[in-house]
Amino acid sequence: MRTRTAEWFETKIKYEKTMDDGMQKKVTEAYVVDALSFTEAERRITEEMSSYISGEFDVSDIKKATYKEIFFSDSESADKWYKSKLQFITIDEKSGKEKRSNVYYLVQAGSLLEAVKNIEAVMSGTMIDFEIASVAETMLMDVYEYRSVKTDGEQGAGEVPVEE
């Protein structure tokens, strides 16, 4: 498991997809990209999808994701994305009352049970008390991280290195 914190945008792409029976069908697919702005998110998803889609396609929606961190799985069977809501539990020092704050994560896994295990694996290294409030499968097709286009192996200004 590895995690990545960034500014994530959820995008939707509309295009005509060739189905298994050879028929063309208009589909809308959701993807997540790492970008600094809506404009960059549109540019990035257009670049990524142009190598996979033959013909025209439209970026029909872009919105900021509610999660800032994504948990990536190394498992070959991890082909789904789950949105999870964790509640961090703290104690207010003045009143002594328990306080809960909600934090959202995107988790890559092959099943709901695997997603919960992945969350627990990543969070076991933290000192904060938490509860998993919800885990739900999303319709996301894939996540595209920012990758530098430098060929000399050096990081350019404003570029974020990606751990392999």
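1. Helices (H or I, at least four residues) and strands (E, at least two) are taken here as DSSP runs, numbered from the N terminus. The model is a predicted one, in which local features need pLDDT of at least 70 and side-chain atom pairs count only at pLDDT 80 or more, while totals for chains, interfaces and linings use all residues. Residues are numbered from 1 along each chain as its sequence is written, and side-chain values use heavy atoms, with hydrogens and water left out.

2. One open sheet has 4 strands in the order 4-2-3-9, with mixed pairing, where two strands pair if DSSP finds at least two bridges between them. Its edge strands, each pairing on one side only, are strand 4 (57-64) and strand 9 (140-144). Neighbouring strands of this sheet are turned by 25° against each other on average, direction ignored; axes are lines fitted to C-alpha atoms, for helices over the stretch in contact, and angles run from 0 to 180 degrees between N-to-C directions.

3. Within this sheet, strand 3 (residues 24-34) and strand 9 run parallel and are joined by 4 bridges, and Ala 30 stands opposite Leu 140 in strand 9. Helix 1 (residues 38-50) packs on the sheet, touching strand 2 (8-18), strand 3, strand 4 and strand 9, and its direction makes about 140° with that of strand 4; contact means heavy atoms within 4.5 Å.

4. Another open sheet has 5 strands in the order 1-5-7-6-8, again with mixed pairing. Strand 1 (2-5) and strand 8 (129-137) stand at its edges with a single partner strand each, so one side of each is left without a neighbour in the sheet. From one strand to the next, the twist averages 25°.

5. Strand 5 (residues 69-72) pairs with strand 7 (residues 98-109) in the parallel sense over 3 bridges, and Ile 70 stands opposite Leu 106 in strand 7. Helix 2 (residues 112-123) lies across strand 1, strand 5, strand 6 (80-91), strand 7 and strand 8, and runs at about 150° to strand 8.

6. The largest pocket has a volume of about 210 Å³. Of the 13 residues that line this pocket, the closest to its centre are Phe 72, Asp 142, Val 143, Glu 145 and Arg 147. A pocket is an open set of points on a 1 Å grid over the protein atoms alone, where a 1.4 Å probe fits, with protein on both sides within 12 Å along at least five of seven lines, and lining residues have an atom within 4 Å of a point. Grid points are joined across faces, edges and corners, and a volume is the space filled by probe spheres set on the points.

7. Strand 9 gives the most to the lining of the largest pocket, with 3 residues.
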